[in-house]
Amino acid sequence: HRSAGALLAVINDILDFSKIDAGHLRLDARAFDVRDVADDVCALLAPMAHEKGLDLVCHATAAVPSRVVGDPDRVRQVITNVLGNAVKFTAQGEVVVRLDAETESGATGAVRLRIVVSDTGPGIPLDAQPRIFEAFQQGDPSLTRRHGGTGLGLAIARRLVQRMDGDIAFTSTPGQGTTFTFTMRVGR
């Protein structure tokens, strides 16, 4: 069952990457609660974190609206890709997800969501940092062999975030951890 799930994840990543490359990925616009989306992803990854003895924390500030308009499935996918990596590669300590938002000025009333995922993992080697968002690239090949993966998760996350009028960046100190920050524009 686990192998089938892993194979399905690889196939879905490749299909999503191909759709994005071909310009055929469509974003839905519907109302959803971003807190619920983040909580669902944390609940999904909690057993893996618990098995490793990690603290997994999900926190939203009061500035995050209870309902926004956007594509909850793609927001979930981005959070899952980034948070999944954090849990997968962190051996001890904690992984924290923080949600924040600010209303953009102007007549649109759009909201800029800001999601931060920090971990106390091994960090990303300095020589790998410039290519971390490239397709089929991974930070540390020795860790990748142990944990698996295709090297598409962060490339897909970046493209999805850009499609949602946002950006993704990271800071990392080898041996101390990594923090990914991504923003996206949603309606209120």
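1. A good place to start is Arg-112, which forms a salt bridge with Glu-104, the closest N and O atoms being 3.0 Å apart. Glu-104 also meets the side chain of Arg-185 in a salt bridge, at 2.8 Å from N to O. Arg-185 lies in strand S7 (residues 177-186), and Glu-104 sits in the loop between strand S4 (94-103) and strand S5 (111-119), so this pair ties together parts that are 81 residues apart in sequence. Arg-185 counts as partly exposed, at 32% relative accessibility. Please keep in mind as you read on that this is a predicted model.

2. Let us widen the view to the other charged pairs. How many salt bridges does a search of the whole structure find? There are 8. One of them joins Asp-40 and Arg-76, whose closest N and O atoms are 3.4 Å apart. Asp-40 belongs to helix H2 (residues 34-51) and Arg-76 to helix H3 (residues 72-89), so the salt bridge links parts of the chain that are 36 residues apart in sequence. Both ends are partly exposed: Asp-40 has a relative accessible area of 43%, and Arg-76 has one of 27%.

3. The Asp-40 and Arg-76 pair also has company. Through shared partners, salt bridges join Asp-28, Arg-30, Asp-40, Asp-73 and Arg-76 into one network. When you inspect this region on screen, I would show these five residues together.

4. Asp-119, in strand S5, deserves a separate look. Which side chain of opposite charge is nearest to Asp-119, and how far away is it? The answer is Lys-52, at 9.8 Å. Asp-119 is buried and yet has no salt bridge; a salt bridge would need a nitrogen within 4 Å of a carboxyl oxygen. What Asp-119 does have is a polar side-chain atom 2.8 Å from the backbone nitrogen of Gly-121. Beyond its neighbours within four places in sequence, Asp-119 is in contact with Ala-86, Thr-90, Glu-94, Val-95, Gln-176, Gly-177 and Thr-178.

5. Next comes Pro-72, which has its place in helix H3. Is Pro-72 buried or exposed? With a relative accessibility of 6%, Pro-72 counts as buried. Not counting residues up to four places away in sequence, Pro-72 touches Arg-30, Phe-32 and Val-37. Its C-alpha atom is also 8.3 Å from that of Ala-29, although Pro-72 and Ala-29 are 43 residues apart along the chain. Of the residues that Pro-72 touches, Arg-30 will be familiar from the salt-bridge network above.

6. For the backbone, I would point you to Asp-165. This residue has a positive phi of about 55° although it is not a glycine. Most residues other than glycine have a negative phi. Asp-165 is placed in the loop between helix H5 (153-163) and strand S6 (167-173), and it is partly exposed, with a relative accessible area of 44%.

7. Helix H5 itself holds Ile-156, which is buried with a relative accessible area of 0%. The C-alpha atoms of Ile-156 and Asn-81 are separated by 8.5 Å, while the two residues stand 75 apart along the chain.

8. On to the aromatic side chains. The structure holds 3 aromatic pairs. In one of them, the rings of Phe-133 and Phe-180 have centres 6.1 Å apart and planes at 85°, so the pair is edge-to-face. Phe-133 comes from the loop between S5 and helix H4 (141-147) and Phe-180 from strand S7, so parts 47 residues apart in sequence are tied together by this pair. Phe-133 is buried at 13% relative accessible area, and Phe-180 likewise counts as buried, at 8%. Phe-133, Phe-170 and Phe-180 form one aromatic cluster.

9. Finally, the nonpolar interior. Which residues have the most contacts inside the largest nonpolar core? They are Ile-79, Leu-83 and Phe-182, in a core of 44 residues. The elements giving two or more residues to this core are H2, H3, S4, S5, H5, S6 and S7. In soluble globular proteins, nonpolar side chains tend to be buried together. Leaving aside neighbours within four places in sequence, Phe-182 has contacts that include Val-78, Ile-79, Val-82, Leu-113, Ile-115, Val-117, Val-161 and Ile-168. Arg-114 and Asp-167 are also among the residues in contact with Phe-182.

Definitions and conventions: Residues numbered from 1 in each chain as written. Predicted model: local features only at pLDDT ≥ 70, side-chain atom pairs only at ≥ 80, totals over all residues. Heavy atoms only, no water. Helix = DSSP H or I, 4+ residues; strand = E, 2+ residues; numbered from the N terminus. Buried < 20%, exposed > 50% of the residue type's maximum accessible area, 1.4 Å probe, protein only. Lys, Arg positive; Asp, Glu negative; His and termini not counted. Polar contact = N/O pair within 3.5 Å; in protein donor to acceptor, adjacent residues only side chain to side chain. Contact = heavy atoms within 4.5 Å. Phe/Tyr/Trp six-rings, centres within 6.5 Å; stacked < 30°, edge-to-face > 60°. Core = buried A, V, L, I, M, F, W, Y, C linked by side-chain atoms within 4.5 Å.
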